[in-house]
Amino acid sequence: MKFAAALLLVLPLFAQSDMGELRLTVHDPAGMPIGAHVELVNSATSTRVAVDVSSDGHYSFRALPFGVYRMRITRAGFSPAIELIEIRSAVPLAREVTLTIAAVDTAVLVTESATLVDPTATHTDYHVGAQELKQRAASLPGRGLIDLIVMQPGWAIEANGILHPRESEYDTQYVVNGFPLYDNRSPAFAPAADADDVESLKIYAGGIPAEFGQKLGGVIEVNTVRNTSPGFHGALVLQHGSFATSSGYASAQWVAGRTTATVTGEGFLTDHYLDPPVTNNFTNHGSNSSVSATLERDLNDANRLRISAARRETGFLVPNDLLQETAGQRQDRTAGATEGQIFYQHVFSANLIGSAGVMVRDLTARLWSNPLSTPISTGQDRGFREAYFKASLAGHNGRHEWKVGIDARFADIREQFDYRIVTYRLNPGNVRIFSRNLPPTYNFNGTSPDREQAAYAQDTVRLGAVTVSAGLRFDHYALLVDDAALSPRLAVSWNVRPLGVVVHGSYDRIFGTPPFENLLVSAAPASRLGVGFYLPVKAAHGNYYEAGITRALGGQVRLDATYFRREVDDFKDDDPLLNTGVSFPIAFRHASIRGVEVKLSLPRWRGLSGYVSYANTIGIGQYPISGGLFLDNDDAALLQSTDRFPISQDQRNTARAWVRYQLVPRVWTSWSASYNSGLPTEDVSGLPPEAFLIAQYGANVVQKVNFDRGRVRPSFTLNASVGADLWKHEKRSLTVQVDVTNVTDRMNLINFTGMLSGTAIAPPRGASARVRWEW
């Protein structure tokens, strides 16, 4: 701890997200500032920005992912200025461009293909740009971002939108405008995110910078910053479709001088919120509302301040199976989140920038059951209040782009949980659900502080065709257990120019903190109820390895091929608490995960764009159990076992494809397809008789399980969309889009894990229409 304190004291108190900024000035031949139209394109990061620079000739392009950009500047009466711009540092890049009087013949030699591959990339990452976000196919409410993320190789999805990057459980980190979120962001746990409010996504699971820690199964950087022209801008999106689903989104933004103010609001109603356990889709209503506001002000050329606040609320019912519906069960859940952020940035010089940020959040989640619930009636009220601080200093020095920083999280967690067993057995077959030793009622109420601190340093060095990125991170974690670790990170790439290939490899040492959802109730001595046993859930320690290549094919197509391997001790999983639908964290001694990911991307060619990908992963866990609450005395045998088994997220084969074609200048169509080979099921020997399963879920669901292999049968989904610009004038447009999801109406089973504990079915065929008005 003395080492940690010293490290925290010596590091500078500033922070900056992993993006850059271009500060552009446009002149005429006499050196006078003029207005112009500017386009920035980076095919490797799916970035395409177009703005009108005002008559003062100045504009700052913010939140640009590192990489090579094609910049094109036009103005009537002048020759276009086209050049490549490299954004490689958090320090703003200043660029002055002088337009020349138009000539009779002009040769344009710089094309977008020059931005197809980043020659210095040290790991594999995937990007989703503004166009793909706007024109995404319809999804279940609250899953717009999730459905785009899971289209990337190496990412699988479980019931109710839970993401599994490279087979990790509850180990996904969202970084929203530079602020990390460590809690579970799936629809069943947290209020839905506003997909229409997002400008871009960056998704990766290897070569993770030292700046990021704790949840490192996969990182999703979410950017909501829009580069827009001065003046008033807005958007209104209305959608209606199957399952009585209606949604709306509205935003308004004012850009004047150095000030940008933005207000957004979103809401939905649906009768298909979660993934139900039966095809009847009983009790599956959901609703959501959210509002946010952001004010950003450039105080001068060196100082920037951003303040934002948001409130989100979601309410939904828990879907019943056939037995619960017959009994008349109703379970309600709500989730709410209130948050505020303050971010300050200061440019010390042309080579040095610092920033600091503070985020406060208050999250709540509640569950209650009616008297007819069966076989157990449960209640829950949990939440946490969090204050998060980050700070860093970043600089450019010759070949080096370095960054040092700190962050700290101070949270107070509370959990209340109660149950009442309605029946210990269920028909048909008088099947035992609970051990007779379990008390008929139980109530828990507890609180605990959560204190976590970190410090890091990282440097990227460019040595000709070789790029080296190295970092070191220190983490301290104190929630029920106290632990700390040093985590080195190293990534290297080599741009083999004669072959047109970038070869890269990385090593990440990880320190993965346990999920805090339902951690207190699982650790409470009273929760052991006189049976079973409990072991503290410790932080995971592991080694991530990644190697791959990136290559441009024919100047239009990009190939990404990656091999990875992960060796993790105290690997995390989850287990249902008394079959209530409330899950708690567990851990086992070790997991070994390896796989191959391949993606072919066509950013844009003659109106055609798209990608196709394939991933093969194998995840094997190994006993003994190393953490968690277990209420069956028979589980004690697992304390001595060294057996190996497929981990619960072991989706061996996945394939994805997406294509978009511009039919005519104002009409386009897109199609997407996904294939999953099937997740493992619960141990077949522990399942009740088949007659009981059929009575609970229906024969059509049970038939989707291969009990001999212990896996869900493969699934396939095909989606189709068509869109048209009905009206377009300058910056104003009216667009309509029609989507058909699961075109073949195939019944796809996502999970099958036994009684009342996670069986889930993907949505049947659905249709929707969306209208977007922008100005």
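A salt bridge here is a side-chain nitrogen of Lys or Arg within 4 Å of a carboxyl oxygen of Asp or Glu. Keep that in mind, as a search of the whole structure turns up 40 salt bridges, and several of them are stops on this tour. One thing before you start clicking: what you have open is a predicted model.

**Stop 1: the whole chain**

Zoom out and colour by secondary structure. You should be able to pick out 7 helices and 44 strands. Turn the chain around a little: along its principal axes, the C-alpha trace spans about 90 × 60 × 50 Å. The radius of gyration is 26 Å, which agrees with the value near 28 Å for a compact globule of 775 residues.

Now switch on a surface. The chain exposes about 30,200 Å², and carbon and sulfur atoms supply 59% of that. Under it, buried residues account for 58% of the 775 residues. If you show contacts, take those between residues at least 6 apart in sequence: 69% of them join residues at least 24 apart.

Colour by charge next. There are 72 positive and 76 negative charges, and their mean positions lie 3 Å apart.

**Stop 2: Glu774 and Lys134**

Select Glu774 and Lys134. They form a salt bridge, with the closest N and O atoms 3.0 Å apart. Which elements does this pair link? Glu774 sits in strand 44 (residues 766-774) and Lys134 in helix 2 (residues 130-134), distant parts of the chain that are 640 residues apart. Glu774 is buried because its relative accessible area is 18%, under the 20% cut-off. Lys134, at 31%, counts as partly exposed.

**Stop 3: Asp332 and Arg330**

Move to Asp332 and show its side chain together with Arg330. The closest N and O atoms of this salt bridge are 2.8 Å apart. Is Asp332 buried or exposed? Asp332 counts as buried, with 12% relative accessibility, while Arg330 is partly exposed at 43%.

**Stop 4: Arg414 and Asp381**

Select Arg414 and Asp381, whose side chains meet in a salt bridge (3.0 Å, N to O). Arg414 lies in strand 23 (residues 400-421) and Asp381 in strand 22 (residues 376-397), so the pair ties together parts that are 33 residues apart in sequence. Arg414 is partly exposed at 29% relative accessible area, and Asp381 also counts as partly exposed, at 23%.

**Stop 5: a network**

Select Asp183, Arg185, Arg361, Glu386, Arg409, Asp450 and Glu452 together and show their side chains. These residues are linked in a network of salt bridges.

**Stop 6: Thr122**

Go to the loop between strand 7 (93-98) and strand 8 (125-128), where you will find Thr122. Thr122 is buried, with a relative accessible area of 11%. What does Thr122 touch? Leaving out residues up to four places away in sequence, highlight Thr467, Ser469, Ala491, Val492, Ser493, His504, Gly505 and Ser506 to see the answer.

**Stop 7: Leu734**

Last, select Leu734 in strand 41 (residues 732-741). Leu734 counts as partly exposed, at 29% relative accessibility. Beyond its neighbours within four places in sequence, Leu734 is in contact with Ala724, Asp725, Leu726, Trp727, Val771, Arg772 and Trp773. To finish, draw a distance from Leu734 to Leu216: their C-alpha atoms are separated by 40 Å, and the two residues are 518 residues apart along the chain.

Definitions and conventions:
Residues are numbered from 1 along each chain as its sequence is written. This is a predicted model: local features need pLDDT of at least 70, side-chain atom pairs count only at pLDDT 80 or more; totals for chains, interfaces and linings use all residues. Side-chain values use heavy atoms; hydrogens and water are left out. Helices (H or I, at least four residues) and strands (E, at least two) are DSSP runs, numbered from the N terminus. The radius of gyration is taken over C-alpha atoms; the globule rule is 2.2 Å times the number of residues to the power 0.38. Buried means under 20% relative accessible area, exposed over 50%, partly exposed in between (1.4 Å probe, protein chains only). Contact means heavy atoms within 4.5 Å. Accessible areas come from the Shrake-Rupley method with a 1.4 Å probe; for residues, only the protein chains shown count as cover. Lys and Arg count as positive and Asp and Glu as negative; His and the chain ends are not counted. The place of a charge is taken as NZ of Lys, CZ of Arg, CG of Asp or CD of Glu.
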